[in-house]
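Here is a short round of questions and answers on one model. Each answer sets a value against the term it falls under.

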Amino acid sequence: MTKMEFINLKAQYQSMKAEIDSAVTQVFENANFIMGDEVKILERELALYCGAKHCITCANGTDALMLALMALGIGKNDEVITSPLSFIATAEAIAFLGAKPVFSDIDGKTYNLDPAKIEEKITKKTKAIIPVSLYGQTPDMDEINAIAKKHNIIVIEDAAQSFGADYKGKKSCNISEMSCTSFFPSKPLGCYGDGGAIFTSSDELADKLRALRVHGQTKRYSSKYIGVNSRLDTVQAAILLIKLKYFEREIKERNRIATQYNRLINNKNIATPFVHPDRNSVWAQYSIRIKNRNSLAEALKVKGIPTTVYYPIPLHLQEALLYLGYKKGDFPICEAVCEEIISLPMSAFVTSQEQDLITAELITLS
Ligand SMILES: *Cc1c(COP(=O)(O)O)cnc(C)c1O
């Protein structure tokens with residue numbers, strides 16, 4: 001057997017190699033490397049796909065979060081509530097703009113923000129909530145939107161891991177006022193480098209976002225805002241247009257593989273992922289919970305089975321954010337998950353032999 005991949009991007013490329021090679025060559029020949037036609041076409045397709053009125057692509061998912069906050073004018077003296085169980089980028093974008101990340105504990109089953117705990121974190125300074133659709137499943141967005149509406153604040157979905165997911169018949173990236181996603185290669189819809197996008201149905205926010213990503217320019221060499229340089233490369237847009245064609249198939253395969261994992265891992269010591277019946281997951285990660293996580297990861301590694309921990313350190317305990325004054329014990333559910341969570345190989349290209357091997361070792365070692 002060939003070396004097992006955690007996310008099999010090599011097999012994915014081989015499955016659409018001819019089309020991707022040709023799309024990339026076309027961009028090289030046209031030489032419209034920045035904001036070429038492919039970017040505009042992709043923005044239209046992505047907006048159509050998730051149902052949002054506007055899609056504004058940018059250089060990466062972190063910039064997408066930052067641009068969304070900038071478009072809302074969030075900065076110094078403002079607070080933004082988010083999940084302590086996420087990639088650093090979620091809190092980093094808030095902090096980078098001088099605003100204060102405020103954490104709220106998660107739900108121990110879905111690993112997403114627990115709506116029941118959000119309201120007590122809202123102050124006069126709260127401007128937005130950034131719920132993270134972790135591992136590919138959206139949070140309880142109706143409840144979160146209702147809280148935000150009551151307090152007149154904005155919801156920005158961090159959908160870096162959930163583009164393509166369904167929530168009550170709607171798509172992730174179209175279930176809150178603004179949404180941000182990432183096309184980092186290992187995300188469910190990944191490009192071949194960095195990429196990101198912001199979604200909104202507000203014309204006003206969309207116009208501002210389109211300016212902010214090109215130095216705040218509303219016309220060439222005419223800057224209305226202090227912006228940034230954060231565009232999606234034409235070549236990445238061309239690759240994403242091909243990958244988008246096969247994205248439904250990708251999601252279907254990931255779901256088939258997740259269901260098979262659930263079936264094979266039938267063990268009282270292992271908590272398999274919980275997905276709400278009114279939504280689905282695009283399985284950015286297939287994450288299980290187990291007591292002896294660290295020794296298990298080591299033992300699986302010896303057997304040639306790659307695993308990853310998302311995330312070993314909660315955001316409120318990250319060194320860079322210690323100035324916020326949080327301490328161990330502040331978010332007990334999140335902290336317990338950080339000790340016990342582990343993600344297994346997941347992509348549309350995990351073979352049944354691989355799944356049998358992974359789950360057999362897992363059961364033996366747990
Ligand atoms: C990947 C990720 C980001 C950042 O995206 P980049 O494209 O890597 O900048 C933000 N939030 C979450 C939850 C992520 O998983």
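Q: What makes both faces of β9 count as covered?
A: This is a predicted model. Gly196, Ile198 and Thr200 are buried on one side of β9, and Ala197 and Phe199 are buried on the other. Buried means under 20% relative accessible area. Both faces therefore count as covered.

Q: How do you know that strand β9 is mostly covered?
A: β9 spans residues 196–200, and 5 of its 5 residues are buried.

Q: Why are β1 and β9 called paired strands?
A: Pairing needs at least two bridges between two strands. β1 (residues 54–58) is joined to β9 by 5 bridges, so the two pair. They run antiparallel. Cys58 stands opposite Gly196 in β9.

Q: What makes β8 a partner of β9?
A: The cut-off is again at least two bridges. Between β8 (residues 178–182) and β9 there are 5, so these strands pair as well. Their direction is antiparallel. Here Met178 stands opposite Thr200.

Q: Why is the largest space called a cavity?
A: A cavity is a set of points where a 1.4 Å probe fits but cannot get out. The largest cavity holds about 90 Å³ of space. The structure has 4 cavities of 30 Å³ or more.

Q: Which residues lie nearest the centre of the largest cavity?
A: Tyr111, Tyr135, Gln137, Pro273 and Phe274 do, out of 14 lining residues.

Q: How does the lining of the largest cavity divide by residue type?
A: It has 8 nonpolar, 5 polar and 1 charged. Tyr, Pro and Phe count as nonpolar.

Conventions: Residues numbered from 1 in each chain as written. Predicted model: local features only at pLDDT ≥ 70, side-chain atom pairs only at ≥ 80, totals over all residues. Heavy atoms only, no water. 1 Å grid on protein atoms, 1.4 Å probe; cavity = no way out; pocket = protein on both sides within 12 Å on 5 of 7 lines; lining within 4 Å. Points joined across faces, edges and corners; volume = space filled by probe spheres on them. Buried < 20%, exposed > 50% of the residue type's maximum accessible area, 1.4 Å probe, protein only. Helix = DSSP H or I, 4+ residues; strand = E, 2+ residues; numbered from the N terminus.
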